[in-house]
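Here is a short tour to read with the structure open beside you. We will start in the interior and work outwards to the contacts between the parts.

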There are 2 protein chains.
Amino acid sequence: MATVKDVAQLAQVSVGTVSKVLSKDTTVKDALRERVLKAVTDLNYRPNMAARALRTNRASIIGLVVPDITNPFFAQLAKDIETEASRRGHTVMLTNSHDDSITEGHQIAALLDRSPRGLIVAACNDTSVTVKSGETQVISVDRRLGTFPLVGTDNASSSAKMATYLISLGHTRIAYLAGPQSTDVGRQRLEGFREQFDIHKLQNPALSLSVYEGQFDYDSGEHLARSLLLEPAGQRPTAIVAASDQMAIGVLRAARDMDIAVPEAVSVAGFDDITLASLVVPRLTTVAQQTELLARDAVQRVLEDDNGDRSDVLIDGDLVVRGSTGRPPAS
Amino acid sequence: MATVKDVAQLAQVSVGTVSKVLSKDTTVKDALRERVLKAVTDLNYRPNMAARALRTNRASIIGLVVPDITNPFFAQLAKDIETEASRRGHTVMLTNSHDDSITEGHQIAALLDRSPRGLIVAACNDTSVTVKSGETQVISVDRRLGTFPLVGTDNASSSAKMATYLISLGHTRIAYLAGPQSTDVGRQRLEGFREQFDIHKLQNPALSLSVYEGQFDYDSGEHLARSLLLEPAGQRPTAIVAASDQMAIGVLRAARDMDIAVPEAVSVAGFDDITLASLVVPRLTTVAQQTELLARDAVQRVLEDDNGDRSDVLIDGDLVVRGSTGRPPAS
DNA sequence: CTGAAAGCGCTTACAG
DNA sequence: CTGAAAGCGCTTACAG
């Protein structure tokens, strides 16, 4: 592999000059610059990233920690983050915390050892260990890590949109399958829904909301729906809203197994808009998280050292109406 | 951050000795070793990875290139690779080629710049650019890159298992929805199926197989199935086998839309055993790829420089029978 | 505007 | 068995 030294020699300049040209320093005279650039091309020179990292104390790397890359939402987010990072000349180091705070702590430490430009962390659900990041920028995404700034979806206001939409369809008995209330995301989605519901209830006291707490996964949604749907048609909810698409897909599955038509007998809605949401039968009404925007902002915050900016970024979710919701059955 | 120098000073030894202790060199006397270890703990010393990489010309990093991390199969594979790499003290750099060979080439070059221990690449479908990896170990996984050794599932023999299974159920009119025949994976799965089918046909000349080429994705499966299932019940296939779970799930969707019962009227099977396969209704019969084994072998090949070993590793897929297949309808 | 030189934090022959 | 020293390939004050 060619080094700066080789380039300098071929271009008949000093290594310092080569370095300056490479770093787009404008104080190099054109004649020299061209000689250097030609030598770079001729030798097919590629800078040694380890040397650069050692010298500058930062590598053009972004560390990314997610609970589980096989969760479709995190897969989408990771993809968008990688795309944005790559566009900006950075590489992403990925680790899975397996939703375990001890592992998460180790992963973060290991990533910090590689002097990344910054860390983007979707924290695991159990309480995270405190992280001392030193110089390194750390941004939470989706789920906050410690007290680091968060880039996430405005869960409350997005969830509120869903409440308004279902009530406007005429639903009066609504069940909400909440995520773990130990998590911010779980709490915010529930609270946003509940508060909006309560506002509508002032107009229409007949509205009723029942809430059940579960996990964000398929099984939890299926399990909760199974007992809910056991009730006779006149009493059970006419709309079931889940705190995640995975839960909602579990609900669809339960309804199918119990021969209850969606959306004719019961409407079902989710949250996230994972790829699968538009592939299930019927297609799922949900709130789309704008992962591209989340990714862009997170990467930007990590790369541009707006040092001192500790503010959160909240991005609106979009209500996406598909086939799984409709008017409640005439009763 | 503490450096070897600090540790050496505190432990009253030379930096060389510190380095030897850290690298588990056994020639250091116990007394010194303990002093060093204590100093390491006291100072909370963490080696500077960039310096180590510069000096040794290799970082404890594995580069991973997949076409698309939101594809559930690659997500599972990436997770297993990351877990295995992490277990062995290595970090994974992830990039998505977006199934584009130009991008793939750039990603590989960028990863090689960071002097990784090795590269694991699931190549994109279009012809890949040639890669000069220099010293670095490169292993293909699932889809071969250039002429690099491959760790993958034995597609042909696994596909053959599915043929035997369906024929043993009594199916005589079988449709096979193949993946792109420009890809090894697509070809191998089709050929394995067809060859096994032909063997059975010697016994039972009434068997018929029709083959349709598509993409590996949901839409392709749905699209192909839609026209297939238009035929009247006595003439259309009684079993549809897809080259991927995503295609098979598309088939399920088409059947559902057309009110054709699975598996009563038509059996459906896939390949891969993505998470979703056991979540759709009915649960999908498929061939499970053993991603954990694939991951373990790929990481091992990349880390242990069995230099010169250019052989492929083929791992059997497991037939997983679920609810989407059954006996053909009585006719 | 350009070059000579120091130094980032390690590892590794080489002496002793 | 241990230490002193060179050097990996860069970047960056500092002279000139």
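This is a predicted model, and its largest nonpolar core has 170 residues. Within that core, A:Val241 and B:Val241 have the most contacts. Leaving out residues up to four places away in sequence, A:Val241 touches A:Met162, A:Leu166, A:Ile174, A:Tyr176, A:Leu177, A:Phe193 and A:Ala269.

Helix α10 of chain A is a good next stop. It covers residues 245–257, so to speak a run of 13 residues, and reaches 18 Å from its first C-alpha to its last, close to the 18 Å expected at 1.5 Å a residue. Eleven of the 13 residues of α10(A) are buried, so this helix is largely enclosed by the rest of the structure. Among the buried ones are A:Asp245, A:Met247, A:Ile249, A:Leu252 and A:Arg253. The buried residues of α10(A) pack against β6 (173–178), α9 (218–228), β8 (239–242), β9 (267–269) and β10 (286–288) of chain A. Just after α10(A) comes A:Asp259, with a positive phi of about 60°.

Where do the two protein chains meet, and how many residues does each give? The contact takes 36 residues from chain A and 36 residues from chain B. On the chain B side, the elements that give two or more residues are α4 (49–56), α5 (72–87), β2 (91–96), α6 (101–113) and α10 (245–257). Of these, α5(B) supplies the largest share, eight residues. Sorted by class, this side of chain B has 20 nonpolar, nine polar and seven charged residues. The chains are also joined through strands: three bridges link β2 of chain A (residues 91–96) to β2(B), and the two run antiparallel. In this pairing, A:Met93 has B:Met93 as its bridge partner.

B:Met93 turns up again among the contacts of B:Pro116. This proline sits in the loop between α6 and β3 (118–121) of chain B. B:Pro116 counts as buried because 25 other C-beta atoms lie within 10 Å. Apart from neighbours within four places in sequence, its contacts are B:Ala59, B:Ile61, B:Ile62, B:Gly63, B:Met93, B:Leu111 and B:Thr136. The C-alpha atoms of B:Pro116 and B:Thr91 are 9.5 Å apart, although 25 residues separate the two along the chain.

Now for the DNA. Around strand C there are 26 residues, the closest being A:Ser14, A:Gly16, A:Lys29, B:Val4 and B:Gly16. Helices α2 (15–22) and α4 (49–56) of chain A, with α2 (15–22) and α4 of chain B, each supply at least two residues of that surface. It divides into eleven nonpolar, ten polar and five charged residues. Strand D has 26 residues around it, and A:Val4, A:Gly16, A:Asn48, B:Gly16 and B:Lys29 come nearest. Here α2 and α4 of chain A and α2 and α4 of chain B are the elements that give two or more residues. By class, the surface near strand D has eleven nonpolar, ten polar and five charged residues.

A few backbone details deserve a look, and the table collects them.

| Site | Backbone feature | Value |
|---|---|---|
| A:Val281 to A:Pro282 | cis peptide bond | omega near -10° |
| B:Val281 to B:Pro282 | cis peptide bond | omega near -10° |
| A:Asp99 | positive phi | phi near 55° |
| A:Asp142 | positive phi | phi near 70° |

A:Pro282 lies in the loop between β9 and β10 of chain A, and B:Pro282 in the loop between β9 (267–269) and β10 (286–288) of chain B. A:Asp99 is found in the loop between β2 and α6 (101–113) of chain A, while A:Asp142 belongs to the loop between β4 (137–141) and β5 (150–153) of chain A. Is each aspartate buried or partly exposed? A:Asp99 counts as partly exposed, with 15 C-beta neighbours inside 10 Å, whereas A:Asp142 is buried, with 24 other C-beta atoms within 10 Å.

Definitions and conventions. Residues numbered from 1 in each chain as written. Chains lettered and ligands numbered in written order. Predicted model: local features only at pLDDT ≥ 70, side-chain atom pairs only at ≥ 80, totals over all residues. Contact = placed C-beta atoms within 7 Å. Helix = DSSP H or I, 4+ residues; strand = E, 2+ residues; numbered from the N terminus. Nonpolar A, V, L, I, M, F, W, Y, C, P; charged D, E, K, R; others polar. Pairing = 2+ DSSP bridges. Near = placed C-beta within 6 Å. Expected span 1.5 Å × (residues − 1). Buried ≥ 20, exposed ≤ 12 C-beta atoms within 10 Å, placed from the backbone. Core = buried A, V, L, I, M, F, W, Y, C linked by C-beta atoms within 7 Å.
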